[in-house]
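Hi everyone, thanks for making time. I'd like to walk you through a structure that is new to most of you, so have a look at the screen first.

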Amino acid sequence: MKDEKPDDRLPVLDLPSTSKTEPGLYALERDGARWRLSRRDFLTASVAAAAAAASQTAHAQVVCTSALAHTSAVRALAITPDGRTLASGGDDKIVKFWKVPQGAHYKSAPQAEVIWSSAIDPEGQLLVLGCGDKTVKLCSLSDGTVAKTLTGHAEPVYAVAISSDGRLLASDSGDRTIRL
Amino acid sequence: MEGPSGCGMPSAVQAVPAKEGAFRAAPSLSAEVYSLPLEGSRYLIYAPRRCAAFIADAGVVRVLADLEAGLWDESADPDGSLVKFLRSLEILDGPPEIWPVTGCTGDPQPVCVTLLLTTACNLRCTYCYASAGETPARHMSLETARRGIDFVVSNARKQKPPHFEVAYHGGGEPALNWRVLTASFDYARQKATQTGLGLRTSIATNGVLTDHRIDWIIANVSAASVSFDGLPAVHDQLRVTKSGKASSHRVIQTLRRFDQAHFRYGIRMTVTAAGISALPESVEFICANFQPDSIQIEPVYLLGRGHGEASAESDEFIAAFRAAQQRALHYGRRIAFSAARLGTLTNHFCAASRDSFCLTPDGNVTACYEACSEESPWASLLFYGWPDGQAGGYRFDLGRLNHLRSQTVDRREHCRACFAKWSCGGDCYYKSLVHNGPGEFAGAGRCRIARELTKDQILANIAGSGGLFWHNGRQPGCGQSAKLAEEKLP
């Protein structure tokens, strides 16, 4: 293929005489392997674009809130069964609690180690953390205090999960074992 | 952060808020905008750094061109809807655009090492870029591998990324230096445990592996890239054993075992000029039978044993790729060409200009795993480091390294006005050397492929966003260029 220097800038086009006509917008649809174009008006498009931008702005605000939530990487998120509380944790070794969907931060619970994983029991009482110090910590969801520390893994605990009846806890570690 | 003055494009334009009411202030172009002619006097309008696009007629192009020249004819938009629409896409009166240029300075501090374990290979692919097997085999020693791992671990301890990375690659088939592969892996794991850093590993393989090695890879390696050319009839003409025998059955067995284990892997297909027509069927064969995470398709590189091959960088390749994409979509899959990657905003194609740290079997440092031989005619441009005596570590030629760092699309005059430059990142430096020599980049056959397939992706995004426009400006992928620039191609 010939190596032509590309020039896709606006003014370079040798525009046809129709360029002085009213500007037109076209909708694109796939028609099998081909594309089909149909003329639309800018009013409809501007309303749709404004709505999309507003939606993205709302999305961006949420992302912004979460980006400021921790000082380093977020590794673990868990949400209560009623969907009203979110717990987050990660490399800054702090568990933070948030109201959902408002995104209001209302409590922090510092931990000794990096938090790699988390789960909340079906009753919404217990927060389980998989930690970088190879332990699993069982914390009270109400105040974030550690009620019990489970040991036995030889590597960080990268995943935790609780059974639907709340009676069984599984932990998965870099030591390539799953403990129940 | 550098300014955009060198590219001649209007970017980082100060917003001029329009006033409502009796007097309408002239809108101001606030995006780098390109227009690509389509059929029937329609134009694809594309603002790469806004991740925005739509299709319009010549009247819109004229309005935008006038605005770029500082002209504004209010009669072109009597009801103001065009301006409103363009403002919604931040093409007019928007905030400054991010300038997607990043780079490395000072001494290299990579946290990823690519170990080119051996030049030996159990295949004799007709197009092998490394001409593997033609010269006496050179194997990396464990000491060489350890030195490289020690270097990236030392860097990672200072930088504290979540993980460091060890990639096993060729110049041959890395699994043929099995002892060093497994021992270096154990060493890297040991280092990860000692330092508390995570470890990621990957391997590029031809897939002709024993059951034991397949099992080991599944159990230990994070991900693999397997070279496989699709239909056995195609694959077996190109990827043959030392004795000229077929290899597809062995690769298929490997892929099946990977699938059974839900192991993460990608397939890397090479297309020769003679094999272009079979591409759609080959892609369908893969989609129907295997579960790879990705299918990357490249026209044959005219390097090594591929030197002298007929070029597959053709319009026929583009047509076949499009047909293959349609087949893949039936299976809910997509195929990829490395330089067409809409959604990426970067001035780099790959890590070669970002201190890529690849070690040859002899322990020398090259920026490109395809330039794996010190005898390469381009070695003086791509090799930039050497083992530093017995003490460990490396000595680097910063002059060469800085030259490599400068091989970015924002510095290429040829690419200055190309709409696809911020996603292609200037394409592969090594291939441009082979195509153009060491002088100023003057384009390559791959450019047209990248441009056409990127245009396809933009059109698909418009269609997938309701058909009127695509605007992804606030989502990761736009404005997150520094992170995306770290992306390393397989």
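Let's start with one residue pair: Ala159(A) stands opposite Asp172(A) in β12(A). Before I go further, this is a predicted model, where local features need pLDDT of at least 70 and side-chain atom pairs count only at pLDDT 80 or more, while totals for chains, interfaces and linings use all residues. Residues are numbered from 1 along each chain as its sequence is written, and chains are lettered from A and ligands numbered from 1 in the order in which they are written.

Back to that pair. β11(A) and β12(A), which covers residues 169–173, run antiparallel and are joined by 5 bridges. A word on terms: strands (E, at least two residues) and helices (H or I, at least four) are DSSP runs, numbered from the N terminus. Two strands pair if DSSP finds at least two bridges between them. Our two strands belong to an open antiparallel sheet of 3 strands, in the order β11-β12-β13 of chain A. Why do β11 (157–162) and β13 (178–179) of chain A each have one side without a neighbour in the sheet? They stand at the edges, each with a single partner strand, so that side stays free.

Now the rest of chain A. It has 1 helix and 13 strands, and the order from the N terminus is two strands, then the helix, then strands for the remainder. Of its 180 residues, 28% are buried; buried means 20 or more other C-beta atoms within 10 Å of a residue's own, exposed means 12 or fewer, and partly exposed is in between, with C-beta atoms placed from the backbone.

At the start of the chain, β1(A) and β2(A), residues 34–40, pair in the antiparallel sense over 7 bridges. Arg30(A) has Trp35(A) as its bridge partner there. The two strands form a hairpin with 2 residues between them, and Gly32(A) in the turn has a positive phi of about 65°.

β1(A), residues 25–31, also pairs with β3(B), antiparallel, over 2 bridges. Here Leu25(A) stands opposite Ala56(B).

That brings us to where the chains meet. How many residues of chain B are in contact with chain A? It's 55, against 45 residues of chain A, where contact means C-beta atoms, placed from the backbone, within 7 Å. Elements giving two or more residues to chain B's side include α1 (58–68), α9 (315–330) and α14 (445–464). The biggest giver is α1(B), with 9 residues. By class, that side has 29 nonpolar, 14 polar and 12 charged residues; Ala, Val, Leu, Ile, Met, Phe, Trp, Tyr, Cys and Pro count as nonpolar, Asp, Glu, Lys and Arg as charged, and the others, Gly among them, as polar.

Next, the cores. A nonpolar core is a set of buried Ala, Val, Leu, Ile, Met, Phe, Trp, Tyr and Cys residues joined through C-beta atoms within 7 Å. The largest has 157 residues, and Ala53(B), Val152(B) and Phe469(B) touch the most other members. α1(B) gives the most here too, with 7 residues. Leaving aside neighbours within four places in sequence, Ala53(B) has contacts that include Leu44(B), Ile458(B), Phe469(B) and Trp470(B). A second, separate core of 21 residues includes Leu86(A), Phe97(A), Trp98(A) and Val114(A).

Close by in sequence, Cys51(B) sits in the loop between β2 (42–47) and β3 of chain B. Its phi is positive, near 50°, and it isn't a glycine. Most residues other than glycine have a negative phi. Cys51(B) is buried, with 23 other C-beta atoms within 10 Å.

One helix to finish: α7(B), residues 248–260. Its 13 residues should span 18 Å at 1.5 Å a residue (1.5 Å times one less than the number of residues), and the end C-alpha atoms are indeed 18 Å apart. Which residues of α7(B) are buried? Ser248(B), Val251(B), Thr254(B), Leu255(B) and Phe258(B). Seen down the axis, they fall within an arc of 125°, so they line one face; the arc is that of the directions from the helix axis to the C-beta atoms. On the other side, His249(B) and Gln260(B) are exposed. The cover over the buried residues includes α5 (211–220) and β8 (265–271) of chain B.

Conventions
Contact = placed C-beta atoms within 7 Å.
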